[in-house]
2 protein chains.
Amino acid sequence: MLSNKLLTKIHSQIPLTKHMKIDIIKYTKTQLFSTAPLDININDKGTAFAGSLSTLTTISSWGVCWLLMQELGFENTAIVILKNETVFLKPVTKDINCVTQVPSKEEILKLKEKLLFKKSGSITIKSHIIEDAQECVSFEGIYVIKII
Amino acid sequence: MLSNKLLTKIHSQIPLTKHMKIDIIKYTKTQLFSTAPLDININDKGTAFAGSLSTLTTISSWGVCWLLMQELGFENTAIVILKNETVFLKPVTKDINCVTQVPSKEEILKLKEKLLFKKSGSITIKSHIIEDAQECVSFEGIYVIKII
């Protein structure tokens with residue numbers, strides 16, 4: 001399964017994701033579900049550390065880009081974040097649950113065309129940290145993808 | 001020294017900062033200098049992981065808020081990040097160096113008055129990751145401080 005490959009890749013190549021015990025739960029073609037336990041990612045207030053929340057959203061959105069590239073048949077790519085905006089709405093008091101949206105078919109098609117004709121393109125990805133059906137963190141990142 | 005207290009606090013209360021080997025180098029009253037080694041914070045491209053860069057800037061800016069609170073005599077506070085914007089300008093290829101700006105005297109005075117009269121206030125803090133005199137990451141965060 002592609003989501004297992006993603007987890008193996010990040011754990012082996014980005015050691016901090018393994019230490020944080022980031023896990024990929026499910027990839028449904030419209031959403032990627034990822035998690036990290038509270039204990040190792042705790043802060044001075046006993047809630048989830050903002051750095052861990054940023055890291056989980058950043059790598060989950062990156063992960064959606066990587067999954068899309070595999071599905072589109074672009075296996076050798078460099079995917080880098082260009083910028084992000086993160087809003088911290090509520091403290092996270094339990095294990096951290098992240099939901100990342102897969103972009104629309106139109107956005108993916110537009111990216112595919114750029115990659116085919118220009119060898120590079122960018123896409124916006126949104127991740128949210130959810131607890132008890134409430135949004136705790138809202139992340140929006142722009143990722144640049146280059147064919148290598 | 002106050003910067004040593006800050007390091008002891010984050011390493012003891014936010015375990016991820018200790019694992020990342022975040023260090024506080026110097027606090028000059030206008031800037032806070034912090035670092036993290038590349039090896040433990042590396043990504044799939046052999047450069048610094050965006051999650052680590054976000055974490056170092058986030059905690060360094062938080063640290064400046066905490067240092068300001070100690071200097072102003074507000075010892076019991078809750079300092080939380082409200083939102084941030086981060087721009088990744090260049091990849092970081094060596095150990096990570098972060099420079100965080102202490103806000104102006106006017107901004108600090110405005111915050112102090114809010115804390116005295118309303119028991120809470122917010123302030124914007126800027127951190128930059130610098131390599132070979134070039135800016136690699138630009139972070140701007142808004143922090144909310146409450147007297148508890």
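Chain A of this predicted model has a mean pLDDT of 97, with 100% of its residues at 70 or more; pLDDT is the predictor's confidence in each residue, from 0 to 100. The model scores ipTM 0.97 and pTM 0.97. Because this is a predicted model, local features need pLDDT of at least 70 and side-chain atom pairs count only at pLDDT 80 or more, while totals for chains, interfaces and linings use all residues. Residues are numbered from 1 along each chain as its sequence is written, and chains are lettered from A and ligands numbered from 1 in the order in which they are written.

**How the two copies relate**

Chain A lands on chain B after a rotation of 180 degrees with 0.0 Å of shift along the axis, at an RMSD of 0.0 Å. That's the relation of a two-fold axis. A:Glu85 has the C-alpha nearest the axis in chain A, 2.2 Å from it. Both copies use the same surface, as 100% of the contact residues of chain A recur in chain B. For the record, the superposition is by least squares on the C-alpha atoms of residues with pLDDT of at least 70 in both copies.

**The contact between the chains**

Chain A puts in 31 residues and chain B puts in 31 residues, where two residues are in contact if their C-beta atoms, placed from the backbone, lie within 7 Å. On the chain A side, helix 1, helix 2 (15-19), helix 3 and strand 3 (77-88) each supply at least two residues. Strand 3 of chain A gives the largest share, ten residues. Helices here are DSSP runs (H or I, at least four residues), as are strands (E, at least two), numbered from the N terminus.

By class, the chain A side has 15 nonpolar, eleven polar and five charged residues. Ala, Val, Leu, Ile, Met, Phe, Trp, Tyr, Cys and Pro count as nonpolar, Asp, Glu, Lys and Arg as charged, and the others, Gly among them, as polar.

**Helix against helix**

Here are the helix pairs, with axes being lines fitted to C-alpha atoms over the stretch in contact, and angles running from 0 to 180 degrees between N-to-C directions.

| Helix pair | Angle | Axes |
|---|---|---|
| Helix 1 and helix 3, chain A | about 125 degrees | 10 Å apart |
| Helix 1 and helix 3, chain B | about 125 degrees | 10 Å apart |
| Helix 3 of chain A and helix 3 of chain B | roughly 155 degrees | within 8 Å |

The helix 3 pair across the interface is therefore roughly antiparallel. Angles under 35 degrees count as roughly parallel, over 145 as roughly antiparallel, 65 to 115 as roughly perpendicular and the rest as oblique. The crossing of helix 3 of chain A and helix 3 of chain B is right-handed, meaning that the near helix is turned clockwise from the far one by less than a right angle. A:Ala50, A:Gly51, A:Ser54, A:Thr55, A:Thr58 and A:Ile59 meet B:Ala50, B:Gly51, B:Ser54, B:Thr55, B:Thr58 and B:Ile59. That contact splits into four nonpolar, eight polar and no charged residues.

Within chain A, helix 1 and helix 3 are oblique to each other, and their crossing is right-handed. A:Leu2, A:Leu6 and A:Ile10 from helix 1 meet A:Ile59, A:Gly63, A:Trp66, A:Leu67 and A:Gln70 from helix 3. This patch has six nonpolar, two polar and no charged residues. A:Ile59 thus turns up in this contact and also in the one between the two helix 3 copies.

In chain B, the crossing of helix 1 and helix 3 is right-handed. B:Leu2, B:Leu6 and B:Ile10 meet B:Ile59, B:Gly63, B:Trp66, B:Leu67 and B:Gln70, again with six nonpolar, two polar and no charged residues.
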